[in-house]
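Visitor: I would like to learn how to read a protein structure, one feature after another. Could you take me through this one?

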Amino acid sequence: MGVQHHALPLLLVLFGAFSGSMSTTQECGTSMRRSRQPRAGSLGRIINGKQSARGAWPWQVSLQLLHPQFGFIGHWCGGVLISPEWLLTAAHCINNDLFNLPLAALWTAVLGDWDQNLEENTEERIPIEEIVIHERFHNFQHDIALMKLSKPVKVARNSRIRAVCLPTKRFTHNETDLCIATGWGRDAEDGQLAGQLLEAKVPVHDNAICRKKYGHSVAIRSGHLCAGHLDGSTGTCVGDSGGPLQCAHTDGRWFLAGITSFGSGCAKPGFPDVYTRLSYYLPWIKSKIK
C-alpha cells in the first residue's frame, strides 16, 4: 500500500464511539486479533508486503469487477462491511477516468477472504444488488458509495465475516494512537497486487497538513481525513481504494474512521494519504439505508 502523485486515485494504474443502527453494538468491530495492539514487526510498509493476521479484519471486502469490455478483472477495490446487507467503498472505484460502471450486476463482494491466491473455505461471494454513489461526488469530493448485497451475510462472533463499528461523532486526529489501513493493493508502485491482506499502522493528522500538500489539485474539506507517515515509511497503494482505515476504541473494538481515497504515489515521502471521513457522512449513510 502507498500513495499517489497529484491526487492520483489508488486504482487507475491497475487498468493500464459506535453506532448501533447499522453495525450492531454487540457484535461490531470485534477482531480475531489476540490483542488490539499490533503484532511486533507486522506493521511496516504495506508496500513492502507486511501481512495481517488471518481473521484480523473480518469486515474487509474485496470488490471484484466483471468489465463489459475486458471481461473479469478480479480484485479492483476494497470495501468495508457495515451491516449484514450493506458495505461502503470509494465512489471513484465505480466512476473514474477509465469508466463509469454503477451497474450492480458487474460487481461481486468477496467477504471472509485473506489470501486471494488460495481457496480458504471462509470466503463468501455475494453479488451486488444496488449501488448508491454520493450525489455530489466529483474530483475526490464526497468520495463515498454504498453497495447493497443481494442477500444478507451472517455476522457473528465465531465468523470470519463481521461488521465494523461506525463512529457516533466526528473523529479528530488526537482521539486515538492506533489506526490501521488495510488492503490487497500493490506492495510496490510498480509491483503486483498483494495475495495476502496487508496492514499498516498510520498516524492521523490535522487536515491542514493535507491541505498544504494537495490543495492545488483537490480542495481538502471537512469530509476528508488526513493520515499517513510523512517519511514515506508506510501508506496505501494501487488497489487499496475503498478499503478501511480502522481505529481502536478503548474497549478494544474497532470503528471505521475513513475510506481510502487518494494520495501522491505509493508512500511518497512528505505526502500523507487522504481518506473519506466517515463521521462526516453518517447522516448521508443513514438516509440511504433506512
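The dialogue below goes from the whole chain to its strands, its disulfides and its aromatic rings.

Guide: Before we begin, please keep in mind that this is a predicted model, and that the residues are numbered from 1 along the chain.

Visitor: Where should I start, and how many helices and strands does the protein chain have?

Guide: A sensible start is to list the elements, and here the protein chain has two helices and 14 strands. You can then ask how much is covered: of the 290 residues of the protein chain, 60% count as buried. As for the surface, the protein chain exposes about 11500 Å², and carbon and sulfur atoms supply 49% of that area.

Visitor: Which strands make up the closed barrel?

Guide: To find a barrel, you follow the pairing from strand to strand until you return to the strand where you began. In this model six strands form a closed barrel in the order β2-β3-β4-β7-β6-β5, and their pairing is antiparallel. From one strand to the next, the twist averages 45°.

Visitor: Taking β5 as an example, which strand does β5 join through five bridges?

Guide: The idea is to look at each neighbour in turn and to note the direction and the bridges. On one hand β5 is joined to β2 by five bridges, the two running antiparallel, and within that pairing Leu63 stands opposite Ala109 of β5. On the other hand β5 pairs with strand β6, residues 124-133, in the antiparallel sense over four bridges, where Val110 stands opposite Arg125 of β6.

Visitor: Is β5 mostly covered or mostly exposed?

Guide: Here you go through the strand residue by residue, and you find that β5 is mostly covered, since four of its five residues are buried.

Visitor: Could we turn to a helix, and to a single residue there? Is Ile285 buried or exposed?

Guide: First place the residue, then read its accessibility: Ile285 belongs to helix α2, which spans residues 282-289. Buried means under 20% relative accessible area, and because Ile285 has 0% relative accessibility, Ile285 counts as buried. It is also useful to compare sequence with space, for Ile285 and Leu146 are 139 residues apart in sequence, while their C-alpha atoms are 7.8 Å apart.

Visitor: How many disulfides does the structure hold?

Guide: The structure holds four disulfides, and for each one you may ask which cysteines are joined, where they lie and how the link is turned. Let us go through three examples, beginning with the disulfide that joins Cys28 to Cys165, with 1.9 Å from S to S. This pair links distant parts of the chain, 137 residues apart, with Cys28 in the loop between β1 and β2 and Cys165 in the loop between β7 and β8. The link of Cys28 and Cys165 is right-handed, with 90° about the S-S bond, and both Cys28 and Cys165 are buried.

Visitor: Where do Cys77 and Cys93 lie?

Guide: Cys77 and Cys93 are joined by a disulfide with 2.1 Å from S to S; Cys77 lies in strand β3 and Cys93 in the loop between β4 and β5, 16 residues apart. With -90° about the S-S bond, this link is left-handed. Cys77 counts as buried because its relative accessibility is 0%, and Cys93 counts as buried because its value is 1%.

Visitor: Which strands hold Cys179 and Cys247?

Guide: The disulfide from Cys179 to Cys247 has 2.0 Å from S to S, and this pair connects strand β8, which holds Cys179, with strand β12, which holds Cys247, across 68 residues of sequence. The link of Cys179 and Cys247 is right-handed, with 110° about the S-S bond.

Visitor: Finally, how many aromatic pairs does a search of the whole structure find?

Guide: A pair of aromatic rings is described by the distance of the centres and the angle of the planes. A search of the whole structure finds seven aromatic pairs, including that of Trp57 and Trp59, whose ring centres are 6.2 Å apart and whose planes stand at 65°, so the pair is edge-to-face. Both Trp57 and Trp59 are buried.

Visitor: Which residues do ring pairs link into a cluster?

Guide: When pairs share rings, you can trace them as a group, and here ring pairs link Phe140, Tyr214, Phe262 and Phe271 into a cluster. A charge can also be read against a ring: the charged end of Lys213 sits over the ring of Phe271, 5.3 Å from the centre of that ring.

Note on methods:
This is a predicted model: local features need pLDDT of at least 70, side-chain atom pairs count only at pLDDT 80 or more; totals for chains, interfaces and linings use all residues. Side-chain values use heavy atoms; hydrogens and water are left out. Buried means under 20% relative accessible area, exposed over 50%, partly exposed in between (1.4 Å probe, protein chains only). A disulfide is a pair of cysteine sulfur atoms within 2.5 Å. Accessible areas come from the Shrake-Rupley method with a 1.4 Å probe; for residues, only the protein chains shown count as cover. Two strands pair if DSSP finds at least two bridges between them. Rings of Phe, Tyr and Trp (its six-membered ring) pair if their centres lie within 6.5 Å; planes under 30 degrees apart count as stacked, over 60 as edge-to-face and the rest as tilted. A charge sits over a ring if NZ of Lys or CZ of Arg is within 6 Å of the ring centre and within 35 degrees of the ring normal. Axes are lines fitted to C-alpha atoms, for helices over the stretch in contact, and angles run from 0 to 180 degrees between N-to-C directions.
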